[in-house]
Amino acid sequence: HGERIPVLHLLASLALVAATLIGARRFGVRRVALPACVPLLLSMAGPLQWVLVSGLAPAPIIGLLAAIQVERGREFGQIIALASVPGLALALMLMMTIGGAGEQRQELSDQIQESLSSMGAQVPDAEQLQQVIDLMLQLFPGMAYLSMLFVAVVGYRIASSVSAAINMSLPVPTPMRQWRLWDEMIWGLVGSLGLLLVFDGGPRTLAANVLLVIVALYVVQGLALVRYALWRLGVQRFLELVIYALLMFTSGISFVILGMLGLMDTWFDWRRLGPAQSDESADDDEQQ
C-alpha cells in the first residue's frame, strides 16, 4: 500500500490541475479561486503539511494560474512556465526548511537500512549511505519543482483533451516533437555551473538544484529530438515504444546523450524551430 500512495498522489494532482483549469474556464476564475486555495491553506497546519509536499495542495493553484494565463492569451510555453510558480515556491520553502537537522538524517538513514535489509539487498556502508542521503536532501527541492512542472504539463494536456470533448477552447499544447527550450536558458546553465564551482553552503545548494532542473529540461529537449526523428522517419508506434524502453533501460548513458543532444540543439536548431527560422518560414509562405 505504501508503494501505491505516491502514484495516487500523482493521479490526484493531475486531476486537480485539470479540474481547476476547466472549472475556471467554465465558471470564471473568481468563482474557482477560493476553493483552489483551500488545500493550500489547510496544508499550513502542522498535521497536514504532507498535503503540501505531496503536491496535492499546489495542484489547484497550478490549474488556477494556467486558467489566468489562458484568459490573458498566453502561449502554451508561457502558460506552463507561470503555472509552475507554485512548484518554485515549494522548492524554495524546502530549501530553507529541509536543511540540516542531523536527527532527521539519521532517522532517514536507519529507515533506508531497514528497508534494504528487509528486501535482502546489500546494505552499504553507513558513511556512504549518509553521503547519498545528504545528496538526496540537497537536491530534493529541485526534484520537487520538476515534479510540479510535470504535473502542470500533463494536467494541462488532460484538460486540453477534456475541453475538446466539451466544446471548450484552450490553447493547443505544443507537440512533444516540436518542443524546444528557450535559448536564454543556456545562461541559467552557465550561471549555476559558475556558482557551483565558486561558492559553498547555501549558494552551492541553490546552484545544484538549478543545475538539476536545467539539465533535466535539456534531457527532455533531447528526447523531443528523438521523437522528431522517429516522426520524420515514419517509424511505427510499436518500434517507437521499443526505442523508448531501451532508453529507459540504459538510463545512465541515455541521460547523458539526450542532455548533450538537447544542449547542442540550442545552437544548431536541427528542427528549425528558433525565432529566426520561424520568421524566414513565414516570409517564404507570404511570397508564395
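Author: In this predicted model, a residue counts as exposed when its relative accessible area is over 50%, and as buried when that value is under 20%.

Reader: With those cut-offs in hand, is asparagine 167 buried or exposed?

Author: Asparagine 167 has a relative accessibility of 75% and therefore counts as exposed; its place is in the loop between H8 and H9.

Reader: How should one read backbone phi values in general, and what is the phi of asparagine 167?

Author: The general idea is that most residues other than glycine have a negative phi. In this structure, asparagine 167 has a phi near 60°, which is a positive value in a residue other than glycine. Arginine 272 also belongs in this discussion, with a positive phi near 55°; that residue lies in the loop between helix H12 (251-268) and helix H13 (275-287), and its relative accessible area of 60% makes it exposed.

Reader: Turning to the interior, how many residues does the largest nonpolar core have, and which have the most contacts inside it?

Author: In soluble globular proteins, nonpolar side chains tend to be buried together. Here the largest nonpolar core has 41 residues, and those with the most contacts inside it are Leu21, Ile62, Tyr156, Ala159, Leu170, Leu189 and Tyr218. Among the helices that each supply at least two residues of this core are H1 (4-27), H4 (58-71), H8 (126-165) and H10 (202-233), while the largest share, eight residues, comes from H8.

Reader: Which residues is leucine 21 in contact with, leaving aside its neighbours within four places in sequence?

Author: With those neighbours set aside, leucine 21 is in contact with Gly63, Ala66, Ala67, Tyr156, Ala159 and Leu170.

Conventions
Residues are numbered from 1 along each chain as its sequence is written. This is a predicted model: local features need pLDDT of at least 70, side-chain atom pairs count only at pLDDT 80 or more; totals for chains, interfaces and linings use all residues. Side-chain values use heavy atoms; hydrogens and water are left out. A nonpolar core is a set of buried Ala, Val, Leu, Ile, Met, Phe, Trp, Tyr and Cys residues joined through side-chain atoms within 4.5 Å. Buried means under 20% relative accessible area, exposed over 50%, partly exposed in between (1.4 Å probe, protein chains only). Helices (H or I, at least four residues) and strands (E, at least two) are DSSP runs, numbered from the N terminus. Contact means heavy atoms within 4.5 Å.
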